[in-house]
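Student: I have a model open and would like to go through it one question at a time. Can we start with the surface and work inwards?

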Amino acid sequence: MHTEQVSHSHVVILSSGSLFSEGVASRLREHVGRVQVTLLDPRLPDLSTRLSSIGPIAVILDAADPWVVEKCPLNRLLGILPGARIIELDSQAQQVRVVTSEQYPAKDVNDLVDVIDGHLPA
């Protein structure tokens, strides 16, 4: 008998307990089988370790949450999770900003030029 495995896309929401983030988590959890959601408090002393161990494909940030803004700068999150999408929700402007990153070895300026050339339109 063949059993099909459902792949979960793990998403972490960083929130210090805002109702907005709780609502987003609740709505995402309605998509069982497509998204697995974990809420993490940005004030946790071992936040980096927890994020690394979960290895989410996306991290959702509430742009209006002062603890998220203070404790979770983009460069830190991208350093912990270089392949993840960072999704910043701005409820005031009613928009979503998605930040992604790529990493390449770069020993000298020629390597940097190769990376730039590889991302120029044809």
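Student: Which residues form a nonpolar patch on the surface?

Tutor: The model is a predicted one. The patch has about 280 Å² of accessible area, counted together over its members. Its members are Leu-112, Ile-116 and Leu-120.

Student: Is Leu-112 buried, partly exposed or exposed?

Tutor: Leu-112 is found in helix H5, which covers residues 109–118. Its relative accessibility is 46%. A buried residue would be under 20% and an exposed one over 50%, so Leu-112 counts as partly exposed.

Student: How many salt bridges does the structure hold?

Tutor: One of them joins Glu-30 to Arg-27, and another joins Arg-50 to Asp-46. Glu-88 and Arg-97 also meet in a salt bridge. The number held by the structure is four.

Student: How far apart are the closest N and O atoms of Glu-30 and Arg-27, and are the two residues buried or exposed?

Tutor: Glu-30 has a relative accessible area of 53%, and Arg-27 has one of 56%. The limit for exposed is over 50%, so Glu-30 is exposed and Arg-27 is exposed. For a salt bridge the nitrogen must lie within 4 Å of the oxygen. Here the closest N and O atoms are apart by 3.8 Å.

Student: What is the N to O distance in the salt bridge of Arg-50 and Asp-46?

Tutor: Arg-50 is partly exposed at a relative accessible area of 35%. Asp-46 is partly exposed too, at 30%. Their side chains meet with an N to O distance of 3.1 Å.

Student: Which residue meets Glu-88 in a salt bridge?

Tutor: Glu-88 has 26% relative accessibility and counts as partly exposed. The N to O distance in its salt bridge is 3.5 Å. The partner has a relative accessible area of 46%, which makes it partly exposed; this is Arg-97.

Student: What pattern does the protein follow along the sequence?

Tutor: The protein has five helices and five strands. Its C-alpha atoms fill a box of roughly 50 × 50 × 30 Å along the principal axes. Read along the sequence, the pattern is β-α-β-α-β-α-α-β-β-α.

Student: How far apart in space are Lys-71 and Asp-41, C-alpha to C-alpha?

Tutor: Lys-71 has its place in helix H3, residues 66–71. At 30% relative accessibility, Lys-71 counts as partly exposed. In sequence, Lys-71 and Asp-41 are 30 residues apart. In space, C-alpha to C-alpha, the distance is 9.8 Å.

Student: What share of the residues in the protein is buried?

Tutor: A residue is buried when its relative accessible area is under 20%. The protein has 122 residues. The buried share of them is 27%.

Student: How much space lies in the largest pocket, and which elements give two or more residues to its lining?

Tutor: The space in the largest pocket is about 180 Å³. Its lining includes Ser-9, Val-11, Ala-58 and Ile-60. The elements that give two or more residues to this lining are strand S1 (9–14) and strand S3 (58–62).

Student: By class, how many nonpolar residues are in the lining of the largest pocket?

Tutor: Among the lining residues are Leu-28, His-31, Arg-34, Val-35, Ile-57 and Ile-87. Arg counts as charged, and the lining has one charged residue. Two more are polar. The nonpolar residues number seven.

Terms used:
Residues numbered from 1 in each chain as written. Predicted model: local features only at pLDDT ≥ 70, side-chain atom pairs only at ≥ 80, totals over all residues. Heavy atoms only, no water. 1 Å grid on protein atoms, 1.4 Å probe; cavity = no way out; pocket = protein on both sides within 12 Å on 5 of 7 lines; lining within 4 Å. Points joined across faces, edges and corners; volume = space filled by probe spheres on them. Helix = DSSP H or I, 4+ residues; strand = E, 2+ residues; numbered from the N terminus. Patch = residues over 30% accessible without salt bridge, like charges linked within 9 Å, V, L, I, M, F, W, Y side chains within 5 Å. Areas by Shrake-Rupley, 256 points an atom, 1.4 Å probe, with all protein chains shown as cover. Buried < 20%, exposed > 50% of the residue type's maximum accessible area, 1.4 Å probe, protein only.
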